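Hi,

Here is the structure I promised to pass on. Have a look at it first, and then read on for what turned up when I went through it.

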Number of protein chains: 2
Amino acid sequence: MQFSFRMPVAVQILLCVAKFDGVFKTTSTFLASSVNINPVIIRKTLGQLKSAGLVEVAAGVGGAKLTKQPCEITLQEIFNAVEDDEDLFHIQDNPNPNCPVGRNIQQVLGNKLSVIKNNMLDDFAKITLEDLLDDINKAEQSR
Amino acid sequence: MQFSFRMPVAVQILLCVAKFDGVFKTTSTFLASSVNINPVIIRKTLGQLKSAGLVEVAAGVGGAKLTKQPCEITLQEIFNAVEDDEDLFHIQDNPNPNCPVGRNIQQVLGNKLSVIKNNMLDDFAKITLEDLLDDINKAEQSR
DNA sequence: ACTCATTGTAATACCATAACTTACAATGAG
DNA sequence: CTCATTGTAAGTTATGGTATTACAATGAGT
């Protein structure tokens, strides 16, 4: 059981947009070759990031730009932009209402798990695009 | 994007086994009717829980029993018993090695995300079967 | 106004995996 | 020996992610 590619792809897109700002025009084809994924997926993801207000995309001429500084963009925003499910965990829909466990499991387990999901989102909020850029630059220096 | 049913199902199984201990024989058919799921799924899940040392299953005669007290069984153990993936997040497998972002993304983002996964597992470790049983009993009292 | 690379989006296909179902040999208490 | 039950295999169905093709809409540059 894993999360989909989506969030990591979105992160890589934003990192490229930030890193190549002013150097290359970051078109969907350009980004697709960094991620090694289909350009249509890039455009779809860029569309989600645009809806979330994280990037501007130049229709027609092409290329994307960040709307904020990398230090102002968190993993939480990126995650929320591309993952739309309200619930992280999937508790059975129709437990038996005649069973004391069945009729309470959604409420009881749901409470606990939603706390855990919120903790994860809080963790995401602590990581910015700038943190990741710094790590990449450090890795590049030591090559 | 959601986790599968597996962990919640396993939790409900264990809650039933604990709650009905000595009252009903908790066969796969009995458990299946509480969860409202196919008995084969129950048997498969019980098998995983048995491998993890959380339950004993009486082959032939039927029924399952906990091997520990509910206060000694954590959500983390249950999660690990039924979810076998090493990585929670799925970072693209073949990023472009000629791109400074592509050739570092796995390392850099992977580091951050593995910390977050471990935090989640720590959260799981803080919740015991007994906590959930208590919540269910409370909910039942106020009916 | 025209060109042309690019975006936005729809439609379709493909594939992996979860969940369902049927079936049946093996088990073990009574 | 019987019989309800477990363990497990095999096949089916459903869902969702990813890939791919196609094309109208966009808009800077000429």
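The two protein copies meet through the same surface, because 100% of the interface residues of chain B are also interface residues in chain A. Keep in mind as you read that this is a predicted model.

The symmetry fits in here. A turn of 180 degrees with a shift of 0.0 Å along the axis lays chain B on chain A, and the RMSD is 0.1 Å. The copies are thus related as by a two-fold rotation axis. If you want to find that axis on screen, go to B:M120: in chain B, its C-alpha is the one nearest the axis, at 3.4 Å.

Two loop residues are handy for seeing how the chains touch. Take B:N96, which sits in the loop between α4 (75-82) and α5 (105-125) of chain B. Its relative accessible area is 18%, so B:N96 counts as buried, the cut-off being under 20%. Across to the other chain, the side chain of B:N96 reaches the backbone oxygen of A:S33 at 3.0 Å. Within chain B, a polar side-chain atom of B:N96 is 2.8 Å from the backbone nitrogen of B:N98. Leaving out residues up to four places away in sequence, B:N96 touches A:S33 and A:S34 as well as B:G102 and B:R103.

The other one is A:Q92, in the loop between α4 (75-82) and α5 (105-125) of chain A. A:Q92 is buried, with a relative accessible area of 4%. Apart from its neighbours within four places in sequence, A:Q92 is in contact with A:I105 and A:Q106 in chain A, and with B:F5, B:P8, B:V9, B:Q12 and B:V35 in chain B.

Now the DNA, starting with strand D. How many residues surround DNA strand D? There are 22, and the closest are A:F5, A:N38, A:G60, B:S28 and B:K50, so to speak a list with both chains in it. Of the strand D atoms within 4 Å of the protein, 61% belong to sugar or phosphate, and the rest belong to bases. Some polar contacts to look at:

- B:R43 has a polar side-chain atom 2.9 Å from a base oxygen of DNA strand D.
- B:K50 places a side-chain N or O atom 2.8 Å from a phosphate oxygen of DNA strand D.
- B:G63 has a polar backbone atom 3.4 Å from a phosphate oxygen of DNA strand D.

Helix α3 (39-51) of chain A and α3 (39-51) of chain B each supply at least two residues of the surface near DNA strand D. By class, that surface has ten nonpolar, eight polar and four charged residues.

On to strand C. DNA strand C is surrounded by 22 residues, and the closest are A:S28, A:R43, A:K50, B:F5 and B:G60. Of the strand C atoms that come within 4 Å of the protein, sugar and phosphate account for 59%. The contacts here include these:

- A:K50 has a polar side-chain atom 2.8 Å from a phosphate oxygen of DNA strand C.
- A:G60 has a polar backbone atom 3.4 Å from a base nitrogen of DNA strand C.
- B:G60 has a backbone N or O atom 3.4 Å from a base oxygen of DNA strand C.

For strand C too, α3 of chain A and α3 of chain B each supply at least two residues of the nearby surface. The residues there divide into ten nonpolar, eight polar and four charged.

One helix deserves a look of its own: α1 of chain A, residues 6-19. Its 14 residues should span 20 Å at 1.5 Å a residue, and the end C-alpha atoms are 20 Å apart, which agrees. Is α1(A) mostly enclosed or mostly open? Twelve of its 14 residues are buried, so the rest of the structure largely encloses it. Among the buried ones are A:M7, A:V11, A:L14, A:L15 and A:A18.

Last, a backbone detail. A:N36 is not a glycine, yet it has a positive phi of about 65 degrees. A:N36 lies in the loop between α2 (28-35) and α3 of chain A, and it is partly exposed, with a relative accessible area of 48%. In chain B, B:N36 also has a positive phi of about 65 degrees without being a glycine, and B:N36 is found in the loop between α2 (28-35) and α3 of that chain.

Cheers

Conventions. Residues are numbered from 1 along each chain as its sequence is written. Chains are lettered from A and ligands numbered from 1 in the order in which they are written. This is a predicted model: local features need pLDDT of at least 70, side-chain atom pairs count only at pLDDT 80 or more; totals for chains, interfaces and linings use all residues. Side-chain values use heavy atoms; hydrogens and water are left out. A residue is near a molecule or strand if one of its heavy atoms lies within 4 Å of it. A polar contact is a pair of N or O atoms within 3.5 Å; within protein, one must be able to donate a hydrogen and the other to accept it, and residues adjacent in sequence count only if both atoms are side-chain atoms. Helices (H or I, at least four residues) and strands (E, at least two) are DSSP runs, numbered from the N terminus. Ala, Val, Leu, Ile, Met, Phe, Trp, Tyr, Cys and Pro count as nonpolar, Asp, Glu, Lys and Arg as charged, and the others, Gly among them, as polar. The expected span of a helix is 1.5 Å times one less than its number of residues. Buried means under 20% relative accessible area, exposed over 50%, partly exposed in between (1.4 Å probe, protein chains only). Copies are superposed by least squares on the C-alpha atoms of residues with pLDDT of at least 70 in both. Contact means heavy atoms within 4.5 Å.
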